Amino acid sequence: MIKSTVIVIGNGMVGYKFCEKLVTKSSGFNIIVFGEEPRQAYDRVHLSEYFNGKSADDLSLSSREWYEENGITLHLGDPVQEINRIDKTVHSLKGLTLKYDYLVLATGSSAFVPDIPGIEKEGVFVYRTIEDLELIKAYAATAKTGAVMGGGLLGLEAAKALMDLGINETHVIEFAPRLMPRQIDSAGSAMLQSKLKELGLTVHLNKSTSYIGGAHEADALHFNDESVLPIDMLVISAGIRPRDELAKLAGLQVGTRGGIMVNDKMQTSDEAIFAIGECALYEGMIYGLVAPGYEMAEIVVSQLMDGNKLFYSYDMSTKLKLIGVDVASFGDAFITEPDCRTIVFEDTHKGIYKRINITTDGKYLLGGILIGDAGTYNMLLQTVNNKLVLPPNPEDLILGSRGGAESEGAGVMNLPDDALICSCEAVDKAMICSSITDLGITSIDGIKKCTKAGTGCGGCIPLVKDLIAGTMKANGQYVKNVLCEHFDYSRQELFDLVKINQLKNYDLVLDHFGKGDGCEVCKPAVASILSSLWNDVVVKQDTIQDSNDRFLANIQKGGTYSVVPRIPGGEITPDKLIVLGQVAKQYGLYTKITGGQRIDLFGAHLNDLPAIWEELIDAGFESGHAYGKALRTVKSCVGSTWCRFGLHDSVSFAIEIEDRYKGIRAPHKLKGGVSGCIRECAEAKSKDFGIIATEKGWNLYVCGNGGSKPQHAELFAADIDKETLIKYLDRFLMFYIKTAEPLSRTATWLNKMDGGLSYLKNVVINDSLGICDLLEEEMQLLINTYHCEWKEVVENPELRKRFTHFVNAPEEKDPTVKFEPMREQIKAQW
């Protein structure tokens, strides 16, 4: 049989995907690939991970052997220079002239470089290829200040790359009045900007660059408003330009603003030539995401095999994590009233913004935007795409159901069989469910190998996990709860494995029980396990549970930090109060008495933290762990000491409890309260554990919390003495630390526990599992190994060195931090 020859020009992600799809479905083609770059196709979606230790081989989508095994002839570093449509030949840079039956243009795009005077100077780069990244990495070694031109998706990725390279003073320059103008609205952009500022990134909006200063090397950006920004290097990431120059030379029809015009079969104006990916212009649209490119590749494969699959306008919904911040938009994100009804949730404290647009009759979801928390993105997108009818209270979609939790996986299991789960690989629900039911595949890796779902951008992985769990439950199979794709263990199993094997850092845990490089799910979870087991100083570890742990302080608006010393039970001496006042005046700090009966000092510069802590430690203070997933406070009323209704000394008991559990790390923060009578002035029933005095002793309540979903603690043991209560509390807290999922408060932990409160009582009070002695022993070990983390930093010169804004000028403060007066104190400008 004579094989038709298909020549593919371009060996990027889409060109490679076309080859993969074609060889999977047919062996009847002779495939030849020309690539401009010197390496085979690699993952551009995760290009910034090159700065986090991933090599070019790690990013590679295949090996040279793969091309050979599939009979594909690969010419790297040899771009095609000319297409002869009459003779159906291509001519390459290295002199090859080859004949084709079909030609596929997958030339992609190049970085758009604006015509600005000085753009050719040293220190100016584009952010597109691995070669670009290597140049940026080499130049950044001597740079202190960097800027990125462009505040879109690629621009923020480039900014993250500069920060990963150690350029702490990184700026983003955006011509538009907001970041990511094509994906999110003004309110979402403002929230994103606030989050990025907290992480140390400076954003300049409405800025038009007039020229780049410097003799030979770029040293400043000069703007049209006559302002100047000194820089050491500049990365251009102001958009993309379709690579259509070869098509133009061949006389193919192109758009007025670029792009090779194609029809719904992906055919160009020449029926034998197709165009796919970022070089293709379909109905006036260039698709700059990988998923539409993969769909285009599928269309061409169908056409070559006499299929009838056609391309339609593609959903541009997207979810990303930009510099550690979730950003997502889906459906019709920008539709406004009166064409819809809009529901908005905004939490400026946590940096969360959620907006959903629903039909005017309240029945269907049209689209939305998520900033700071995009955990519900996949189901919201499915709700839009499959026109699912909304619940009676549509706000539950972004606030969570307040009328009882749904069973795990119930939402995704209600999707229709043809619901598209993985848009990159066009995998629907039925394909995944049949792999689980018919083939017995029950792991993410297995689903990836079988269906290719999750092998593209990876955004569908949470939905695939829910489908696996839901399908297995429906089939009556046991569902194993694993931490993430890098660990085939639950947090509880990993906790025991780490303890048994005496592992003391994340890399060792990953080497022994994991695979790959880890992710943002397992790294903080393992850090939590290590802290809870060994009680070591968190700043000694490279992997941390929470970003605030890095400097043992909560980062606040404007790039400053808060200092929160421990004040057990809210009791403090006049001498200590005086010291707090003196420190606040000396370092220009804002002071606030909190709801947890402590005094917070806000507005501290990073390099002042050790000096502030040193003075507080000398006065007898300790770290209050306000930054950590640890015990925060044990609130108390004055009890029998002063109150005529008080039954017992609640202050002394609160101090004893707080001193006992201070510094102990857990899956989430812990709060306690001790009230001297049933009047409950310490609000003990709203805490993770609450203690209330009775005529006969004390009542112990557990698993309450405030926050966005308040829940009263439940009575655990009544009328018990102090010694018994502490014993039960030791067991309860240690059982929670060992068994709770990452970032689960005690209330959530109990709500998900089979058997609920009755089971918990049986374990902790009746010792039904025979582990109470072990729980008490493990808790005592944590109590015995307590240390004040502030003191450890103050007394350790190597740790203390980390607390500087500029490595080469440790005494210099962050010049971008600004304050303004407020009620005889100060607040940060932002």
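Me: Which side chains does Asp445 meet in a salt bridge, and how is such a pair recognised?

Reply: In general, side chains of opposite charge can pair when their charged atoms come close. The term salt bridge is used here for a side-chain nitrogen of Lys or Arg within 4 Å of a carboxyl oxygen of Asp or Glu. In this structure, Asp445 pairs with Lys515, with 2.7 Å from N to O. Asp445 belongs to helix α13 (residues 444-451) and Lys515 to the loop between α16 (506-513) and α17 (522-534), so the pair ties together parts that are 70 residues apart in sequence. Helices (H or I, at least four residues) and strands (E, at least two) are DSSP runs, numbered from the N terminus. The model is a predicted one, in which local features need pLDDT of at least 70 and side-chain atom pairs count only at pLDDT 80 or more, while totals for chains, interfaces and linings use all residues. Residues are numbered from 1 along each chain as its sequence is written, and side-chain values use heavy atoms, with hydrogens and water left out.

Me: Are Asp445 and Lys515 buried or exposed?

Reply: Buried means under 20% relative accessible area, exposed over 50%, and partly exposed in between (1.4 Å probe, protein chains only). Asp445 is partly exposed at 29%, and Lys515 is partly exposed at 33%.

Me: How many salt bridges does the structure hold?

Reply: The structure holds 37 salt bridges. One of them joins Arg731 to Glu776, with the closest N and O atoms 2.7 Å apart. Arg731 lies in helix α21 (residues 722-739) and Glu776 in helix α24 (residues 772-784), so this pair ties together parts that are 45 residues apart in sequence. Arg731 counts as buried at 9% relative accessibility, whereas Glu776 is partly exposed at 24%. In another pair, Glu820 and Lys827, the closest N and O atoms are 3.5 Å apart. A network of salt bridges links Lys17, Glu20, Lys21, Lys25, Glu298, Glu425 and Lys452.

Me: What surrounds Gln40, and where is this residue found?

Reply: Gln40 is found in the loop between β2 (29-35) and α2 (56-59). Its relative accessibility is 19%, so Gln40 counts as buried. Contact means heavy atoms within 4.5 Å. Leaving aside neighbours within four places in sequence, the residues in contact with Gln40 include Asn11, Ser60, Ser62, Arg64 and Tyr67. A polar atom of the Gln40 side chain lies 3.1 Å from the backbone oxygen of Ser62.

Me: How is a nonpolar core read, and which residues have the most contacts inside the largest one?

Reply: A nonpolar core is a set of buried Ala, Val, Leu, Ile, Met, Phe, Trp, Tyr and Cys residues joined through side-chain atoms within 4.5 Å. The largest has 76 residues, and those with the most contacts inside it are Phe18, Ile83, Leu105, Met266 and Ile276. Helix α8 (residues 290-304) gives the most to this core, with nine residues. Not counting residues up to four places away in sequence, Ile276 touches residues including Val14, Phe18, Leu105, Met266 and Val300. A second, separate core of 59 residues includes Cys484, Leu494, Ile691 and Ala717.

Me: What span should helix α5 have?

Reply: The expected span of a helix is 1.5 Å times one less than its number of residues. The 12 residues of helix α5 (residues 153-164) should therefore span 16 Å, and the end C-alpha atoms are 17 Å apart, which agrees. Among the buried residues of α5 are Gly155, Leu156 and Leu162. Just after α5, Gly166 takes a positive phi of about 95 degrees.

Conventions: Polar contact = N/O pair within 3.5 Å; in protein donor to acceptor, adjacent residues only side chain to side chain.
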